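Welcome! Let us take a walk through this protein together, one helix at a time. Take a look at the structure below before reading on.

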Amino acid sequence: MVPGAHDVVSVGLLARVYPAAEVERAIAACGRSEQRSRLLPARLVLYFVLGLALFSPEPYLDVMRKMTFGLRQVGLIAPLCVKRLGRGGSVGRVS
């Protein structure tokens, strides 16, 4: 499933309302910055949670695809992260 133009516009608007710098500041203010570098940095997790609310009736994987596609389109995530997630790659382990 390829996200449509509506999805990209929705994610673009989300990124505009909640710019990356503000998201990073909010994460730091809560003391929730990553201790280690992971596949899903705290900023992407926050955008994913916002995406779950934006696309609420949709399954998690569809929301992740829409969010990664849209955030890549607006330049907020690198293509390598999107390739791993798009192939069904591991999101990471909980230890």
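**A tour of the helices**

We begin with helix α3, which covers residues 42-54. At 1.5 Å a residue, its 13 residues should span 18 Å, and the C-alpha atoms at its ends are indeed 18 Å apart, so expectation and model agree. Please keep in mind that this is a predicted model. Which residues of α3 are buried? They are Ala42, Leu44, Tyr47, Phe48 and Gly51.

Now step back to see the whole chain. The protein chain has five helices and zero strands, and reading along the sequence gives the pattern α-α-α-α-α. Of its 95 residues, 33% are buried. The chain exposes about 6,500 Å², and carbon and sulfur atoms supply 59% of that area. What share of the contacts with a separation of 6 or more joins residues 24 or more positions apart? In this protein chain, such pairs account for 59% of those contacts.

Next, let us see how two of the helices meet. Two packed helices are described by the angle between their axes and the distance between the axes. Helix α2 (residues 20-29) and helix α3 have axes that come within 10 Å and cross at roughly 105°. Because angles of 65 to 115 degrees count as roughly perpendicular, α2 is roughly perpendicular to α3. On the α2 side, the contact is made by Ala20, Val23, Glu24 and Ile27, while α3 contributes Ala42, Arg43, Leu46 and Tyr47. Sorted by class, this contact of α2 with α3 has six nonpolar residues, two charged ones and no polar ones. Two names here may look familiar: Ala42 and Tyr47 are also among the buried residues of α3.

Staying in helix α3, we come to Leu50. Is Leu50 buried, partly exposed or exposed? Its relative accessible area is 25%, so Leu50 is partly exposed, given that buried means under 20% and exposed over 50%. Setting aside residues up to four places away in sequence, Leu50 touches Leu14 and Tyr18. Leu50 and Val11 lie 39 residues apart along the chain, and their C-alpha atoms are separated by 9.5 Å.

Moving past α3, the loop between α3 and α4 holds Phe55. With a relative accessible area of 6%, Phe55 is buried, because the cut-off for buried is under 20%. What does Phe55 contact, leaving aside its neighbours within four places in sequence? The answer is Asp7, Ser10, Val11, Val63, Lys66 and Met67. Ser10 is 45 residues away from Phe55 along the chain, with 9.3 Å between their C-alpha atoms.

Helix α4 follows, at residues 60-73. Its 14 residues reach 20 Å from first C-alpha to last, close to the 20 Å expected at 1.5 Å a residue. The buried residues in α4 are Asp62, Val63, Met64, Lys66, Met67, Thr68, Gly70 and Leu71. Among them, Val63, Lys66 and Met67 are also contacts of Phe55. Just after α4, Gly75 takes a positive phi of about 80°.

Our last stop takes us back to helix α1 (residues 5-17), where Leu13 has its place. Leu13 is exposed, with a relative accessible area of 53%. Leu13 and Val74 are 61 residues apart in sequence, and 9.8 Å separates them in space, C-alpha to C-alpha.

Notes:
Residues are numbered from 1 along each chain as its sequence is written. This is a predicted model: local features need pLDDT of at least 70, side-chain atom pairs count only at pLDDT 80 or more; totals for chains, interfaces and linings use all residues. Side-chain values use heavy atoms; hydrogens and water are left out. Helices (H or I, at least four residues) and strands (E, at least two) are DSSP runs, numbered from the N terminus. The expected span of a helix is 1.5 Å times one less than its number of residues. Buried means under 20% relative accessible area, exposed over 50%, partly exposed in between (1.4 Å probe, protein chains only). Axes are lines fitted to C-alpha atoms, for helices over the stretch in contact, and angles run from 0 to 180 degrees between N-to-C directions. Angles under 35 degrees count as roughly parallel, over 145 as roughly antiparallel, 65 to 115 as roughly perpendicular and the rest as oblique. Contact means heavy atoms within 4.5 Å. Ala, Val, Leu, Ile, Met, Phe, Trp, Tyr, Cys and Pro count as nonpolar, Asp, Glu, Lys and Arg as charged, and the others, Gly among them, as polar. Accessible areas come from the Shrake-Rupley method with a 1.4 Å probe; for residues, only the protein chains shown count as cover.
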